[in-house]
Amino acid sequence: MLAASCANNESQHNTTAVEKKADPEKDWHTHSNADSVVARHLNLDIRVDFDRKKINGQATWQLENKLQANSVVFDTKDLRIDSILDDQGRKVSFTQSPDDVIIGSALRVPLNPGQQSLTIYYETGDAPIALQWLEPAQTFGKKHPFLYTQSESIYARSWIPCQDGPGIRYTYEATVRTPKGLMALMSAENPQQKSADGVYHFKMDKPIPAYLMALAVGDIAFKAVDERTGVYAEPALLPKAHRELEDIGKMVYTAEALYGPYRWGRYDVLVLPSGFPIGGMENPRLTFATPTILAGDKSLVNLIAHELAHNWSGNLVTNATWNDFWLNEGFTVYFERRITEATYDKDYADMLWEIGYQDMKTAVTDLGDTSRDTWLKLDLKGRDPDIGLTDIAYEKGAAFLHLIEKTVGRAEMDKFLRAYFEHHAFQTISTEKFIIYLYDHLLKQNAEWQNKINIDAWVYAPGIPDDCPRPDDKRFRSAGAQSKAFAEGLAAGKLDTQNWSTYEWMYFLRQLPNDISAEKLADLDRHFKITRTGNSEIADLWFLRSLKAGYTAAYPAMKEFLYVTGRQKFLEPLYIEMMKTPDGAAMAKEIYAKARPNYHPLAQKTIDEIVH
Ligand code: BES
Ligand code: ZN
């Protein structure tokens with residue numbers, strides 16, 4: 001197919017060629033029949049009932065029946081369907097397939113010839129995986145309940161009956177009825193003030209896939225950053241959140257200067273209560289973010305650069321299936337680092353590249369360097385799509401783009417990416433289509449580039465290719481040397497940590513040998529008070545170190561951290577480490593019994609598999 005492929009040895013090329021042909025663009029994670037009849041517009045009218053912890057109401061879908069199909073299929077998970085009306089208001093019979101543990105149940109609705117729409121009356125089930133209902137005590141303000149969703153990857157179907165595949169796009173309007181005194185926000189045009197009656201109207205007039213459906217309801221206030229950007233948070237958190245995120249207005253301009261206009265109108269960030277299960281979610285017009293990025297010194301706002309970048313890579317140009325997840329995340333990590341470089345400088349961005357490189361190495365070690373799951377093109381057929389949520393998609397994906405940049409030069413790379421986003425705007429992209437586009441619009445013109453960039457070795461083969469770019473570790477040299485010296489006996493009081501950012505600290509802690517003693521950690525703690533750090537990334541590494549060394553003085557703070565923080569990336573390594581010894585396992589069980597109600601269903605699912 002491509003000149004670049006010919007550089008590979010034959011046997012490898014043959015096996016990958018077979019795999020590539022096996023339906024590479026099929027989405028295995030939706031029941032829907034969007035190829036024949038596609039739901040193009042949603043009119044949602046729902047009530048948020050905090051007493052019963054239910055969402056109920058109606059979803060009216062406008063249909064485009066491309067192949068005169070006699071039924072339309074939606075995805076549902078744990079939804080109770082009460083009734084369905086056709087476009088004449090007549091009740092229709094429907095069927096629901098048995099629930100598949102991963103992809104849920106298919107809702108099949110018969111269609112009349114020429115039927116334009118239908119309305120589904122429904123209510124959420126007992127444990128919708130996308131939703132976390134917080135009691136007032138689980139919020140910052142402690143007075144009002146809170147609800148938020150996390151729909152990526154295939155969880156929108158647990159709160160809206162929809163055709164839930166990343167390759168299927170639709171526009172939407174919504175009416176959301178909440179108790180008075182709360183504000184509702186969606187991935188749409190949003191209010192900036194509470195309504196008097198608790199009723200809110202939303203509109204998203206750009207077509208988006210279902211995984212970008214989002215809703216948050218709570219005691220939320222807004223503060224503008226500039227004319228197009230702003231921050232939402234609980235009132236108790238808003239001043240801190242606004243201070244930390246005051247550069248997001250500039251960040252949007254920086255992103256636009258790199259890869260073209262921001263197409264979504266406003267860009268706001270909602271900082272959620274601490275139970276939020278991930279770092280950030282790129283919901284269009286309104287990034288959802290964990291409060292654990294509020295370090296006080298803006299050192300963790302690259303997470304916002306990441307979610308902002310998704311408004312190009314992901315939201316505008318979307319992975320066709322979850323097997324192509326690296327096209328969303330790898331591009332976004334690359335773009336995020338470019339924003340970071342433009343905002344700070346190259347040395348700063350290189351620290352993030354290096355941390356990412358370490359994460360990628362760890363992922364390959366954990367998965368195994370011949371593991372199929374270390375290919376960029378994944379094979380998630382019949383499997384939970386969140387298995388693909390590893391640093392292969394993120395860091396190997398980004399490193400591949402970094403390699404292309406280094407090979408063709410930055411000017412060519414940026415021209416290519418700008419055209420790529422423009423050309424595929426509001427469309428879906430598969431790995432196979434991307435490779436063809438890459439060849440046609442970049443590599444074709446230069447034989448040397450084709451030889452240098454071994455696409456198959458990166459995309460259709462395991463491990464880390466030898467030509468993976470190694471970031472310059474200039475700013476880490478001192479932290480690395482001091483980590484070594486400290487491990488070899490230097491006292492903490494003799495360390496020179498002046499001007500260290502979060503990342504030098506992370507590097508320092510990561511470089512310490514695995515068997516560093518509790519006494520050494522106590523020495524560090526005396527001088528730098530790390531146990532009491534307000535920086536979640538450093539705290540997480542520190543608690544992991546403390547567990548490995550049995551540095552018990554850090555345990556009370558760690559427990560506190562685990563009770564309130566729901567971010568899986570932080571929880572997972574700590575619980576895994578505790579489960580390695582009998583004493584640790586007992587502690588893990590005790591902590592988790594208390595902490596579990598504070599975690600989102602997605603995090604509960606993850607930690608249930610670790611702690612048992
Ligand atoms: N889109 C992802 C989060 C996601 C991916 C949720 C797949 C569920 C399934 C988001 O953009 C993300 O990558 N968040 C990271 C941020 C980090 C890489 C800066 C996170 O949450 O840690
Ligand atoms: Zn992302």
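This is a chat about a predicted model, its two ligands and a few places in its chain.

Biologist: New to this one. Is it predicted or something else, and where do we start?
Modeller: The model is predicted. Let's start with ligand 1.

Biologist: Fine. How many residues surround ligand 1?
Modeller: Ligand 1 is surrounded by 18 residues. The closest are Glu152, Gly279, Glu282, Glu307 and Tyr394.

Biologist: What does glutamate 282 touch on the ligand?
Modeller: A nitrogen atom of ligand 1. An N or O atom in the side chain of glutamate 282 lies 2.7 Å from that nitrogen.

Biologist: And what about glutamate 307?
Modeller: Its side chain has an N or O atom 2.7 Å from an oxygen atom of ligand 1.

Biologist: Which atom of the ligand pairs with histidine 310?
Modeller: An oxygen atom. The distance to an N or O atom in the side chain of histidine 310 is 2.9 Å.

Biologist: How much of ligand 1 does the protein cover?
Modeller: On its own, ligand 1 has 530 Å² of accessible area, and the protein covers 87% of that.

Biologist: Which elements give two or more residues to the shell?
Modeller: Those are β18 (280-281), α4 (302-309) and α5 (325-343). The largest share comes from α4, with three residues.

Biologist: What classes of residue make up that shell?
Modeller: It splits into six nonpolar, six polar and six charged residues.

Biologist: Switching to the metal. Which residues are protein donors of the zinc ion?
Modeller: The zinc ion is ligand 2, and its protein donors come from His306, His310 and Glu329. Each histidine uses NE2. Glu329 is listed twice, each time with an OE atom. These donors lie 1.9 to 2.8 Å from the zinc ion.

Biologist: So histidine 310 shows up again?
Modeller: Yes. The side chain of histidine 310 has an N or O atom 2.9 Å from an oxygen of ligand 1, and NE2 of His310 is a donor of the zinc ion.

Biologist: What is the site's geometry?
Modeller: Irregular. There are six donor atoms, with angles of 52 to 159° among them.

Biologist: What spacing do the donors follow along the chain?
Modeller: H-x3-H-x18-E. Histidine 306 sits in helix α4 and glutamate 329 in helix α5, 23 residues apart, and that pair links distant parts of the chain.

Biologist: Are those two buried or exposed?
Modeller: Histidine 306 is buried, because its relative accessible area is 9%, under the 20% cut-off. Glutamate 329 is at 2%, so it also counts as buried.

Biologist: Where is alanine 393, and how far is it from glutamate 329?
Modeller: Alanine 393 belongs to helix α7 (residues 391-408). Its C-alpha is 6.0 Å from that of glutamate 329, though the two are 64 residues apart in sequence. Alanine 393 counts as buried because its relative accessibility is 3%.

Biologist: Now the backbone. Which peptide bond is cis?
Modeller: The one from glutamate 152 to serine 153, with omega near 5°. Serine 153 lies in the loop between β10 (146-149) and β11 (169-177). Glu152 also came up earlier, as one of the closest residues to ligand 1.

Biologist: What about phi at aspartate 78?
Modeller: Positive, about 65°, although aspartate 78 is not a glycine. Its loop runs between β3 (71-76) and β4 (79-86). Relative accessibility is 35%, so aspartate 78 counts as partly exposed.

Biologist: And lysine 142?
Modeller: Also not a glycine, and its phi is positive, near 70°. Lysine 142 is in the loop between β9 (131-134) and β10. It counts as exposed because its relative accessibility is 52%.

Biologist: Where is histidine 144?
Modeller: In the loop between β9 and β10. Histidine 144 is partly exposed, with 31% relative accessible area.

Biologist: Last topic. Where does alanine 34 sit, and how far is it from glycine 165?
Modeller: Alanine 34 is in the loop between α1 (10-21) and β1 (37-49). Its C-alpha is 9.0 Å from that of glycine 165, and the two are 131 residues apart along the chain. At 11% relative accessibility, alanine 34 counts as buried.

Biologist: And glycine 218, buried or exposed?
Modeller: Buried, at 0% relative accessible area. Glycine 218 is part of strand β14 (residues 215-218).

Conventions. Residues numbered from 1 in each chain as written. Chains lettered and ligands numbered in written order. Predicted model: local features only at pLDDT ≥ 70, side-chain atom pairs only at ≥ 80, totals over all residues. Heavy atoms only, no water. Near = heavy atom within 4 Å. Polar contact = N/O pair within 3.5 Å; in protein donor to acceptor, adjacent residues only side chain to side chain. Areas by Shrake-Rupley, 256 points an atom, 1.4 Å probe, with all protein chains shown as cover. Helix = DSSP H or I, 4+ residues; strand = E, 2+ residues; numbered from the N terminus. Nonpolar A, V, L, I, M, F, W, Y, C, P; charged D, E, K, R; others polar. Donors = N, O, S within 2.8 Å, 3.2 Å for Na, K, Ca; no water. Tetrahedral: all angles 85-135°; square planar, octahedral: opposite > 155°, others 65-115°. Buried < 20%, exposed > 50% of the residue type's maximum accessible area, 1.4 Å probe, protein only.
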